[in-house]
Amino acid sequence: MSHIVIAGGGIGGLATALSVVRNGHRATVLERGDFTELGLGIQLAPNGIAALDELGLGAAIRRIAVHVDELRFFDGVLGRHVTSMPLTETYRRRFGYPYVVINRGELYRTLLDACRENPRITLIGGMTAVGYQQTADTAAAVLDNGHTVEGDALIGADGVRSAIRRQLVGDGMPRVAGITVYRAIVPMDRVPAEFRWNAVSWWAGPGRHFVHYPIAGGAHLNLAPSRETGVTEEFSGVPVTEAEVLAQFEPLCETARRLLELGADWKSWSLIDRDPVPNWIDARVALLGDAAHPSLHYLAQGACQALEDAVALGELLDCAAREIPGRLLNYCARRREHTARIQLAARDSIRLWHPAGPAAEARNAALSALSESELHDHIEWLHRPRIGNPHVEQVVPDVLRKS
């Protein structure tokens, strides 16, 4: 039995703990604060649900999530419905799993409860990893108090500002994308009946767009507008007034603005990501989730990719301690090309959400011409579960091909 130390107690870190103990190992999870998560909405495509099934939690998540019927795309200036991608029978048959939306806190608590119930998982809060050290046979997280926590391997699941990545990759601070996202959650009984859609809906406008969907079993509506503000500094969870949010989205149509007007207690974040890198491994140390491949949230794959990482890592660590370095190299090789493609595609997706004038008209025409099957074809590479099927064809981004 090996001992796996995990720096970071978010979704990826907890999922990794559950995954590695399924192969008989022990896991210790170090979290800088308390084991808590913000109650914002997130989307889980079939690949994320497949990973949760592998962890034994898929059924629990299905029970509490909202199973949405479609992804709806609107021209947010004209107020015109452009296209919808159905997510019901045909989609679920094709991909084998549903597309759901859920309160992030609900997903986190499900993972946390499962970890607390497992005697081979130790959760330690108030432990901030600032780096690592290793020998030929061990790897240890170095804490800010000077102590170390040693195991047979160390997994850096400590997020986009990862201290483990800072030492392993050394690529500095995250890239600030120049985009601000605003978030609020509204009780559904405050939402007019004609807007209580069982869908993820996007309103696209020049340099900005607005997405909303039901969460918490349909009890709340999650609002998440974003705009190219040119911001150059990183910030997180900064309160903002309702008037300021509405001013940022003044070009959008009356319906979109009516929905935005429902929001209260708004907070704002600057969007950040990093460039893909070809290697996340240093002998017995590996990165996972946002520490390895952080992306803009526009493809709604952050949680899904962390879950897939966790399951892939657990599958590959069905080995003796002496084999861990080689298995970690296999993990990176298995995951890096697909996650790099997502990082770059998320950046490129701004061309879909934010054009104006003739470019927006061309986008509308192209999307409205696609059939249901063609829409599903376009997201096949993204939503198709990859767990247990490492041979799915991958497009290798140039940034990796040249490395």
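The largest nonpolar core of this predicted model has 104 residues. Leu44, Leu52, Tyr99, Leu107, Leu111, Leu154 and Val200 touch the most other members. A second core lies apart from it, with 22 residues, including Phe210, Leu223, Leu262 and Trp266. A nonpolar core here is a set of buried Ala, Val, Leu, Ile, Met, Phe, Trp, Tyr and Cys residues joined through side-chain atoms within 4.5 Å. Buried means under 20% relative accessible area, exposed over 50%, and partly exposed in between (1.4 Å probe, protein chains only). In soluble globular proteins, nonpolar side chains tend to be buried together.

This is a predicted model, in which local features need pLDDT of at least 70, side-chain atom pairs count only at pLDDT 80 or more, and totals for chains, interfaces and linings use all residues. Residues are numbered from 1 along each chain as its sequence is written, and side-chain values use heavy atoms, with hydrogens and water left out.

The protein chain averages a pLDDT (the predictor's confidence in each residue, from 0 to 100) of 94. At least 70 is reached by 96% of the residues. Residues 389–403 fall below 50. Beyond near neighbours in sequence, that stretch has 23 contacts in the model (heavy atoms within 4.5 Å).

**Helix α5**

Helices (H or I, at least four residues) and strands (E, at least two) are DSSP runs, numbered from the N terminus. Helix α5 covers residues 104–117. Its 14 residues should span 20 Å at 1.5 Å a residue, and the end C-alpha atoms are 20 Å apart, which agrees. The expected span is 1.5 Å times one less than the number of residues. Asn103 caps the N-terminal end of α5, with a side-chain oxygen 2.7 Å from the backbone nitrogen of Gly105. Gly105, Glu106, Leu107, Tyr108, Thr110, Leu111, Leu112, Ala114 and Cys115 of α5 are buried. Their cover includes α1 (11–21), β3 (41–44), α2 (46–54), α3 (58–64), β7 (100–103) and β8 (121–125).

**The six-stranded sheet**

An open sheet of six strands runs in the order β8-β2-β1-β12-β20-β19, with mixed pairing. Two strands pair if DSSP finds at least two bridges between them. The edges are β8 and β19 (281–282), each pairing on one side only. Strands β1 (residues 3–7) and β12 (residues 153–156) pair in the parallel sense over four bridges. Ala7 stands opposite Gly156 in β12.

**Individual residues**

Ser226 sits in strand β16 (residues 220–228). Ser226 is buried, at 1% relative accessible area. Its side chain joins that of Tyr298 in a polar contact of 3.0 Å. A polar contact is a pair of N or O atoms within 3.5 Å; within protein, one must be able to donate a hydrogen and the other to accept it, and residues adjacent in sequence count only if both atoms are side-chain atoms. Beyond four places in sequence, Ser226 also contacts residues including Ile179, Arg208, Phe249 and His354.

Asn364 belongs to helix α12 (residues 357–368). Asn364 counts as buried, at 3% relative accessibility. Leaving out residues up to four places away, Asn364 touches Phe73, Asp75, Arg80 and Val82.

Two alanines have positive phi. Most residues other than glycine have a negative phi.

| Residue | Phi | Loop | Relative accessible area |
|---|---|---|---|
| Ala216 | near 55 degrees | between β15 (208–215) and β16 | 25%, partly exposed |
| Ala283 | near 55 degrees | between β19 and β20 (285–287) | 39%, partly exposed |
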